[in-house]
Every structure is written in C-alpha cells, then in structure tokens.
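Student: Could you take me through one part of this model up close, the packing on the inside? I'd like one connected walk rather than a list.

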Amino acid sequence: MTIVEAGMVQQRRGTAAVRHVNRVRYVNTNGISKKKKRRCRVGRRRPVLQDLFLSCREVFKGPGTVPQPSEVTKLCQIVDKMRPEDVGLSSDLQFFQTTDKVQGNPRVTYTTIYQCNEFSLCIFFLPATAVIPLHNHPGMTVFSKLLLGQMHIKSYDWVDPANSEESVPASHLRLARVEANSVFTAPCDTSVLYPTTGGNIHQFTAITPCAVLDVLGPPYSHDRDCSYYRDFLYSAFSNERKHRFMKFLPTVEAWPRL
C-alpha cells in the first residue's frame, strides 16, 4: 500500500556495499546437437526469462529515454509472471531457509544475468536484516520484482524534481515526499520507478532472506552512478503541521561498508 508522506533527504556519494557473485547458473546449449535442440523445442513455450530479455531489447532505447506506457505495461506483464524457478532459484535453498539473525550488518550480494548499454537484468540477495541503503536511480526506469522473502521498502520522490542532482551541494537538505513505506511479501506485483516519479529514491530492508529481480534501463555506469541519502523528519526542522509527511534528504559523501 502506498502512503503519501514526505521527508527530507541528504545525499552522499560512494559505492554500494554490495558484492557481485555468480550464484545463478544458466544452461549453455552450445554442446547440444541441432537435432536435440529441435526435439527440445517441440511443444514447449519460450522461457519467460527469454521473453523478458527480448522485450527489454525492444523497449529500452538508451540514456535519456523513458518507456512508453504501453511498453511499461508489456514489461510488467512479463515480470509479474517471473517465478524463482525461472532464474534457477528455490525457497528450498539453504540461503532462504536460514532465519537466524546475523550479527552486525549482513552483506548484500548480487548476480548479473545480462547487461548492455541500454539495460541490465540482475538479482540481489539479502540475508535477513540486511539493508540496501537509501539511494537513487539517476535518469533510470526500474522494474523490481520480489521473487522470494519478505522485505520493508521505503521510497521517496523529490518535491521539486526540477533541480538536478549536480546543482545541489552534497550537504544541502532537499524536501522529498514518501511514496511507499510498507512491507512486501513474495509473490507480489512488479513495482516501477521512473527518473522523477514512482519512488526513484528507495531503501530495502530484508525481514527474511530475500531475492529481488531488478530490470534497469539504462543501467548504472561510471557516468551514471547512484547517490546515497539519510532521511530526516520535516518536523525536526519546522513546526508547520501541513508538512508533517515531509522529510529532508541530505546526500552523504560515503556510505560505510556493510
């Protein structure tokens, strides 16, 4: 459920405390004969992951573009159908069976399914209590699907999105509106965020071990890195009751390693 709130956010630059791993394995068909390949295709539907890949190639046109509403609907319909099994995962895996809380800050890991200049497909793995801190997606459209687990998601959009990130000093407080502040349990619908709407700045907190599929267009790059934020209640800086659902988001120079 979306809660219309707002807050202030402070920005910080740095790299995410996320480690890449090759956890998901995909079948290589190079060694299969053409006869066997033909036999395998008979009577079988195209895998949903392949549908997603082919649709992303059609939809994402590169930096500076946003998919049309009909294209967003098309991708959502595909991502909504994604199951853990479609990417080689299962709730029976030991990672998702572990419910004990980890001391300290559990490390978030991820694996990349595919990446090009126009889009990327990746999966994030969060142990219980792990956090992906408040961060943005500059100029990006992102489709997120919680495949396994339960997590709390908090997201914001700028009240005044006209101000570019580059024009705002890192220590400056900017007013932001809360777009979501809820607990999600898999399976659930796909969430979509846009360059200036839909909760472009968000934070994930795993309640149980989680796996999240992200479709990002365009993907992060050296020229398109994310910024990290802390949020402060507007009431901490103002007595105006009409802004009780606002927060300040100052950017942070560096996020500590998890």
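**Inside the packing**

Tutor: Sure, let's start at His 137: setting aside its neighbours within four places in sequence, it is in contact with Val 142, Leu 193, Asn 200, His 202, Leu 216 and Tyr 220. Keep in mind that this is a predicted model. His 137 is found in the loop between strand S5 (131–135) and S6. Loop or not, His 137 counts as buried because its relative accessible area is 2%, and the cut-off for buried is under 20%.

One of those contacts, Leu 193, takes us to a core of 18 residues that also includes Leu 126, Ala 130 and Phe 204. That core is separate from the largest nonpolar core, which has 27 residues. In the largest one, Leu 52, Cys 56, Met 82, Leu 89, Phe 143 and Ala 211 touch the most other members. Helix H2 (48–59), helix H3 (69–80), strand S4 (120–126), strand S6 (141–148) and strand S11 (210–217) each give two or more residues to this core. As general background, nonpolar side chains tend to be buried together in soluble globular proteins.

Phe 143 is a good place to zoom in. Leaving out its neighbours within four places in sequence, Phe 143 is in contact with Phe 60, Val 72, Leu 75, Cys 76, Thr 190, Ser 191, Val 192, Leu 213, Asp 214 and Val 215. Phe 143 also belongs to an aromatic cluster with Phe 53, Phe 60, Tyr 114 and Phe 119.

On to ring geometry: the count comes to nine aromatic pairs. Phe 95 and Phe 125 make an edge-to-face pair, 6.1 Å centre to centre with 85 degrees between the planes. Phe 95 is in helix H4 (residues 94–97) and Phe 125 in strand S4, 30 residues apart, so this pair links distant parts of the chain. Phe 95 counts as partly exposed because its relative accessibility is 22%, whereas Phe 125, at 2%, counts as buried.

Trp 158 and Tyr 229 are edge-to-face too, at 5.6 Å centre to centre and 70 degrees between the planes. This pair also links distant parts of the chain, with Trp 158 in strand S7 (residues 150–158) and Tyr 229 in strand S12 (residues 227–233), 71 residues apart. Here both partners are buried: Trp 158 has a relative accessible area of 12% and Tyr 229 one of 2%. Trp 158 has a charged partner as well: the charged end of Arg 174 sits over its ring, 3.9 Å from the ring centre.

Methods: Residues numbered from 1 in each chain as written. Predicted model: local features only at pLDDT ≥ 70, side-chain atom pairs only at ≥ 80, totals over all residues. Heavy atoms only, no water. Core = buried A, V, L, I, M, F, W, Y, C linked by side-chain atoms within 4.5 Å. Buried < 20%, exposed > 50% of the residue type's maximum accessible area, 1.4 Å probe, protein only. Helix = DSSP H or I, 4+ residues; strand = E, 2+ residues; numbered from the N terminus. Contact = heavy atoms within 4.5 Å. Phe/Tyr/Trp six-rings, centres within 6.5 Å; stacked < 30°, edge-to-face > 60°. Lys NZ or Arg CZ within 6 Å of the ring centre and 35° of its normal.
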